[in-house]
Amino acid sequence: MSSDPTSLARLSMSLPAELSRQLDMMVEERGLPSRSQMIAELIRHALAEHEALTRPENMLAGTVTLVYRGNRGRVRQQLAETQVDYLKEVISSQHVFLEDDQSLEVLLVQGPAIRLKALCDALRSIRGVHQLQLVTTTALLPPLHELDELEDDSAESLPEKEAAA
C-alpha cells in the first residue's frame with residue numbers, strides 16, 4: 001500500500017442486508033456522497049479507539065464532552081480541580097448552561113492515551129456527571145511553541161528593549 005495519504009485502495013465487502021440498509025440510511029441522513037466516506041469515518045474512529053487501548057503511551061488529540069448537573073457549584077469546582085491535575089492534557093474548555101440546572105462542557109485534549117483515559121476516569125467519578133464521551137484522533141495539534149523559537153525570539157527582542165531604554 002502506498003504511503004501517499006491521497007491514494008485510494010479499493011475494498012469489496014459483504015454485509016447482512018439489514019446492516020447494509022441501515023448504513024445506506026445513515027449515509028443519506030448525514031448527506032454524505034457515498035458509503036465509502038461513511039465507512040472511512042467509522043474506521044478512523046475504530047482505529048483511534050484501538051490505538052488508545054493497545055498503545056497507551058501514544059499521543060492522541062481529541063475532545064471530552066461532559067453533561068452534568070450543576071448542584072450549587074460543587075460539581076463545577078471538582079471538574080475544575082480535576083482539570084488542573086491534567087493541565088498538560090487539557091488545552092481548552094468550553095462551557096454552556098443547559099436547561100434544568102444542567103451544563104455541557106467540551107474539553108480539547110491532547111496527550112498520551114493513558115493520561116486521557118485517566119482524565120476521563122477522574123471526571124466520570126465526580127458525582128453529578130451524567131454523560132462523558134472521549135473522541136480521539138491520532139492526528140495531533142502542531143506544537144504551539146518550539147523551545148528554540150522562544151529562545152531566539154527572546155534573544156532578538158533583548159537588544160530592541162535595550163535600545164528603547
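A residue counts as partly exposed when its relative accessible area falls between the buried limit, under 20%, and the exposed limit, over 50%. Arg35, at 43%, is therefore partly exposed. That yardstick comes up again below, and everything here is read from a predicted model.

Start with the overall layout. The chain has 165 residues, and buried ones make up 22% of them. Its secondary structure adds up to five helices and four strands, and going from the N terminus the order is α-α-β-α-β-β-α-β-α. Take the contacts between residues at least 6 apart in sequence: 65% of these join residues at least 24 apart. As for the outside, the accessible surface is about 12300 Å², with carbon and sulfur atoms accounting for 54% of it.

Next comes the inside. In soluble globular proteins, nonpolar side chains tend to be buried together. Here the largest nonpolar core holds 18 residues, and Val64, Leu66 and Leu123 have the most contacts inside it. Two or more residues each come from β1 (59-69), α3 (74-85), β3 (102-112), α4 (113-124) and β4 (129-137). Helix α4 gives the largest share, five residues. Val64 shows how the packing looks from a single position: setting aside neighbours within four places in sequence, Val64 touches Glu105, Val106, Leu107, Val109, Cys120, Leu123, Leu132, Gln133 and Leu134.

The N-terminal end offers a nonpolar feature on the surface. Met13, Leu15 and Leu19 make up a nonpolar patch there, together exposing about 270 Å² of accessible area. Leu15 sits in the segment ahead of α1 (17-30) and is partly exposed, at 35% relative accessible area. Helix α1 itself runs for 14 residues and spans 20 Å from first C-alpha to last, close to the 20 Å expected at 1.5 Å a residue. Right after α1 comes Gly31, with a positive phi of about 70 degrees.

Now for the charged pairs. Side chains of opposite charge can pair when their charged atoms come close. The model has six salt bridges by the 4 Å cut-off. One of them joins the side chains of Asp24 and Arg35, at 2.5 Å from N to O. This pair links distant parts of the chain, with Asp24 in helix α1 and Arg35 in helix α2 (residues 35-54), eleven residues apart. Asp24 is partly exposed, at 28% relative accessible area, and so is Arg35, at 43%.

Another salt bridge brings together Glu89 and Arg115, at 3.1 Å from N to O. Distant parts of the chain are linked here too: Glu89 belongs to the loop between α3 and β2 (90-97), Arg115 belongs to helix α4, and 26 residues separate them. How accessible is Glu89, buried or exposed? Its relative accessible area is 6%, and the limit for buried is under 20%, so Glu89 is buried. Arg115, in contrast, is partly exposed at 31%.

Helix α4 also carries a salt bridge of its own. Asp121 and Arg124 meet at 3.5 Å, N to O, and both lie in helix α4, three residues apart, about one turn of the helix. Asp121 is partly exposed at 35%, and Arg124 is partly exposed at 45%. Through salt bridges that share partners, Lys117, Asp121 and Arg124 are joined into one network.

Terms used: Residues are numbered from 1 along each chain as its sequence is written. This is a predicted model: local features need pLDDT of at least 70, side-chain atom pairs count only at pLDDT 80 or more; totals for chains, interfaces and linings use all residues. Side-chain values use heavy atoms; hydrogens and water are left out. A nonpolar core is a set of buried Ala, Val, Leu, Ile, Met, Phe, Trp, Tyr and Cys residues joined through side-chain atoms within 4.5 Å. Buried means under 20% relative accessible area, exposed over 50%, partly exposed in between (1.4 Å probe, protein chains only). Contact means heavy atoms within 4.5 Å. Patches are made of residues with over 30% relative accessible area and no salt bridge: like charges are joined within 9 Å, nonpolar side chains (Val, Leu, Ile, Met, Phe, Trp, Tyr) within 5 Å. Accessible areas come from the Shrake-Rupley method with a 1.4 Å probe; for residues, only the protein chains shown count as cover. The expected span of a helix is 1.5 Å times one less than its number of residues.
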